[in-house]
Amino acid sequence: MIQRIQSLYLLIVLILCIVCMCLPVGRFVAQNGDIAAVLNNLTVKAGEQVSYTSWALFLELLLVCILTFFTIFTYKKRMRQIRMTVFSSILLIGWYVTYGAFIYILGDQLDASFKPTLSAAFPLVALILNWLAIRAIGADEFLVRSLDRIR
């Protein structure tokens, strides 16, 4: 199971999403250079105030983590594994849409510019690894079907 390359890709996706859930994904910087707020996947910290308005980012990554975990263990059903990985990729794209919406809305409210952190790129890397996993799973499925035709 884990010796298959697509399982390694999916394991790295799982690790990247867990790390992204734990780290801040950006900072809002005021005109004078002070940090106005820090955007996490679950909270927005503006000074001493903590707001849970960005819970949707956390929920999307949590769903990706759960889905990826179960995808790793469905290695005997390759077509289901492909569908689950495609759905995980759609959720990662949705994370970026939600991320952009939060940047736009909170940037207007705080009147500050936004600076993303490195952890904001982890879902993009996970999306690329999902695509590589889909290709590897498809190659396995093609190989199995070609061996069935030979018999």
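**Entry 1: Arg78 and Glu141**

I looked up burial for this pair before anything else. Arg78 is buried, and Glu141 is buried too. Everything I note here is read from a predicted model. For Glu141 I have the value: its relative accessible area is 12%. Buried means under 20%, so Glu141 falls in that class.

Next I checked what the two side chains do. Arg78 and Glu141 form a salt bridge, with 2.8 Å between the closest N and O atoms. The pair ties distant parts of the chain together: Arg78 belongs to helix α3 and Glu141 to helix α4, 63 residues apart.

**Entry 2: Arg145 joins in**

Which side chain meets Arg145 in a salt bridge? I found Glu141, at 2.7 Å from N to O. Both residues sit in helix α4, four residues apart, about one turn of the helix. Arg145 is partly exposed, at 47% relative accessible area. Salt bridges with shared partners join Arg78, Glu141 and Arg145 into one network.

**Entry 3: the salt bridge count**

How many salt bridges does a search of the whole structure find? I get three. One of them is between the side chains of Asp140 and Arg4, with N to O at 3.2 Å. This pair also links distant parts of the chain. Asp140 is in helix α4 (residues 122–150), Arg4 is in the segment before α1 (5–22), and their positions lie 136 residues apart.

I compared burial at the two ends. Arg4 counts as buried, because its relative accessibility is 17% and the limit for buried is under 20%. Asp140, at 25%, counts as partly exposed.

I also took a C-alpha distance for Asp140. Its C-alpha atom is 7.9 Å from that of Arg78, and the two residues are 62 apart along the chain.

**Entry 4: positive patch**

I turned to surface charge. Lys76, Lys77, Arg80 and Arg83 gather in a patch of positive charge on the surface. I followed up one member, Lys76. Lys76 is in the loop between α2 (55–72) and α3 (78–110). Is Lys76 buried or exposed? It counts as exposed, with 66% relative accessibility; the cut-off for exposed is over 50%.

**Entry 5: nonpolar patch**

I then looked for nonpolar surface. There is a nonpolar surface patch of about 1000 Å². Its members are Leu42, Val50, Tyr52, Trp55, Leu59, Leu62, Leu63, Ile66, Phe69, Phe70 and Phe73. Which element gives the largest share of the nonpolar patch? I find α2, with seven residues.

Tyr52 I checked separately. Tyr52 lies in the loop between β4 (49–51) and α2. Its relative accessibility is 54%, so Tyr52 counts as exposed.

**Entry 6: strands β1 to β3**

I went through the strand pairing in order. Strand β1 (residues 26–29) pairs with strand β2 (residues 35–39) in the antiparallel sense, over four bridges. Gly26 is opposite Leu39 in β2. The hairpin of β1 and β2 has five residues between the strands. In that hairpin, Gly33 takes a positive phi near 100 degrees.

How many bridges pair β2 with strand β3 (residues 44–46)? I count two, again in the antiparallel sense. Val38 has Lys45 in β3 as its bridge partner. A hairpin of four residues joins β2 to β3.

**Entry 7: backbone at Asp111**

One more phi value went into the notebook. Asp111 has a positive phi of about 55 degrees although it is not a glycine. Where does Asp111 lie? I place it in the loop between α3 and β5 (113–116). Asp111 counts as exposed, because its relative accessibility is 55%.

**Entry 8: what I keep from this**

Three residues, Arg78, Glu141 and Arg145, share one salt-bridge network. Arg4 and Asp140 make a salt bridge between the segment before α1 and helix α4. On the surface I keep the positive patch that includes Lys76 and the nonpolar patch that draws its largest share from α2. For the strands, I keep β2 as a partner of β1 and of β3.

Definitions and conventions
Residues numbered from 1 in each chain as written. Predicted model: local features only at pLDDT ≥ 70, side-chain atom pairs only at ≥ 80, totals over all residues. Heavy atoms only, no water. Pairing = 2+ DSSP bridges. Patch = residues over 30% accessible without salt bridge, like charges linked within 9 Å, V, L, I, M, F, W, Y side chains within 5 Å. Areas by Shrake-Rupley, 256 points an atom, 1.4 Å probe, with all protein chains shown as cover. Salt bridge = Lys/Arg side-chain N within 4 Å of Asp/Glu carboxyl O. Lys, Arg positive; Asp, Glu negative; His and termini not counted. Charge placed at Lys NZ, Arg CZ, Asp CG, Glu CD. Buried < 20%, exposed > 50% of the residue type's maximum accessible area, 1.4 Å probe, protein only.
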